[in-house]
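Biologist: I would be grateful for a close look at a single part of this model. Please describe one helix in detail, with its surroundings, and then place the account within the whole chain.

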Amino acid sequence: MRVFLSAILTSLFVSLPLAASADVITERQANFSASGKSLRMIGGAIGEGNFAFIEAEAAKLAKWADMMPEFFPAGSESPKASPDIWTEFEQFTQLTADFGAAARALGDAAVSKDASLVKARLGEVGQTCKSCHWRYRSR
Ligand code: HEC
């Protein structure tokens, strides 16, 4: 599972800005699912004291946050994405940046090997997922 996740997240890092297509929707959904799995694996790694793993996953999450706006090009509407994303793209991008900042703070906590700080920062990352979903994800 870890290998599979890394494969997804690694492949996206080499992607160039994407044109609107069915692929971009599929790819972003795969990256979102991978990030959900990543959060769960990080939760497990806290218990194991595997801070190196947490640091690496946090770096992948931060890169995904940086690239996320490119995965929402104009014309890539989908049933689960609110149309407001494209009329309020600046606000949407602010939420991707908040997620990136939280992921970087999580990485810093992993470097400090402070399990309770890592736990708190993981919770903060989760909050940034929720704030964006609350506003911009349709169900
Ligand atoms: C800046 C906004 C934003 C942030 C931050 C964000 N998401 Fe999402 N997420 C979305 C949108 C929009 C969709 C719907 C995408 C689509 O279907 O086109 C989505 C979809 C998803 C899905 C469903 C994917 C699928 O297969 O349909 C999962 C799971 C998910 N997000 C998890 C997360 C997790 C976990 C985080 C935080 C680590 C996160 N998201 C952060 C906006 C965001």
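Modeller: Thr96 lies in helix α5, and this is a predicted model. Thr96 is buried, because 20 other C-beta atoms lie within 10 Å of its own and the threshold for burial is 20 or more. Beyond its neighbours within four places in sequence, Thr96 is in contact with Ala65, Met68 and Pro69. Asp66 stands 30 residues from Thr96 in sequence, yet the two C-alpha atoms are 7.1 Å apart.

The contact between Thr96 and Ala65 can also be followed from the other side. With neighbours within four places in sequence left aside, Ala65 is in contact with Thr96, Phe99, Gly100 and Ala103. Each of these four partners also appears among the buried residues of α5, which are Phe92, Leu95, Thr96, Phe99, Gly100, Ala102, Ala103, Leu106, Gly107, Ala109 and Ala110. The cover over the buried residues of α5 includes α3, α4 (84-87) and α6.

As to its dimensions, α5 has 24 residues, and the distance from its first C-alpha to its last is 35 Å, close to the 34 Å expected at 1.5 Å a residue.

Further along α5 is Ala103. Ala103 is buried, because 27 other C-beta atoms lie within 10 Å and 20 suffice for that class. Apart from neighbours within four places in sequence, Ala103 is in contact with Ala58, Leu61, Ala62, Ala65 and Val125. For the pair Ala103 and Ala58, 45 residues apart along the chain, the C-alpha separation is 5.3 Å. Ala58, Leu61, Ala62 and Ala65 are also among the buried residues of α3.

These contacts lead to the nonpolar core. The largest such core has 25 residues, of which Ala58, Leu61, Ala65, Ala103 and Leu106 touch the most other members. Two or more of its residues come from each of α2, α3 (51-67), α5 and α6. The greatest contribution is that of α5, with eight residues. As a general matter, nonpolar side chains tend to be buried together in soluble globular proteins.

The partner helix α3 deserves its own description. It has 17 residues and reaches 24 Å from its first C-alpha to its last, close to the 24 Å expected at 1.5 Å a residue. Its buried residues are Ile54, Glu57, Ala58, Lys60, Leu61, Ala62, Trp64 and Ala65. Phe53 also belongs to α3, but counts as partly exposed because it has 17 C-beta neighbours inside 10 Å, where burial requires 20 or more. Phe53 and Ala110 are 57 residues apart in sequence and 8.7 Å apart in space, C-alpha to C-alpha.

Just after α5 comes Lys113, with a positive phi of about 55 degrees. Lys113 is not a glycine, and its place is the loop between α5 and α6. Most residues other than glycine have a negative phi. Lys113 counts as partly exposed, because it has 13 C-beta neighbours inside 10 Å, whereas an exposed residue has 12 or fewer. A positive phi also follows α2, where Gly49 has a value of about 65 degrees.

Helix α5 also takes part in the surroundings of the ligand. The shell around the ligand has 22 residues, and the closest are Phe32, Ser78, Lys80, Cys129 and Cys132. At least two residues of this shell come from each of α2 (22-48), α5 (89-112) and α6 (115-136). The largest share, eight residues, belongs to α2. By character, the shell comprises eleven nonpolar, eight polar and three charged residues.

Since α2 supplies residues both to this shell and to the core, its own features complete the picture. Helix α2 has 27 residues and spans 39 Å from its first C-alpha to its last, close to the 39 Å expected at 1.5 Å a residue. Buried within α2 are Val24, Arg28, Asn31, Ser35, Ser38, Ile42 and Ala45.

In the chain overall, α5 is one of six helices, and there are zero strands. From the N terminus the order is α-α-α-α-α-α. Of the 139 residues, 27% count as buried. Among contacts with a separation of 6 or more, 73% join residues 24 or more positions apart. The contact between Ala103 and Ala58, with their positions 45 residues apart along the chain, belongs to that long-range group.

Terms used
Residues numbered from 1 in each chain as written. Predicted model: local features only at pLDDT ≥ 70, side-chain atom pairs only at ≥ 80, totals over all residues. Near = placed C-beta within 6 Å. Nonpolar A, V, L, I, M, F, W, Y, C, P; charged D, E, K, R; others polar. Core = buried A, V, L, I, M, F, W, Y, C linked by C-beta atoms within 7 Å. Contact = placed C-beta atoms within 7 Å. Expected span 1.5 Å × (residues − 1).
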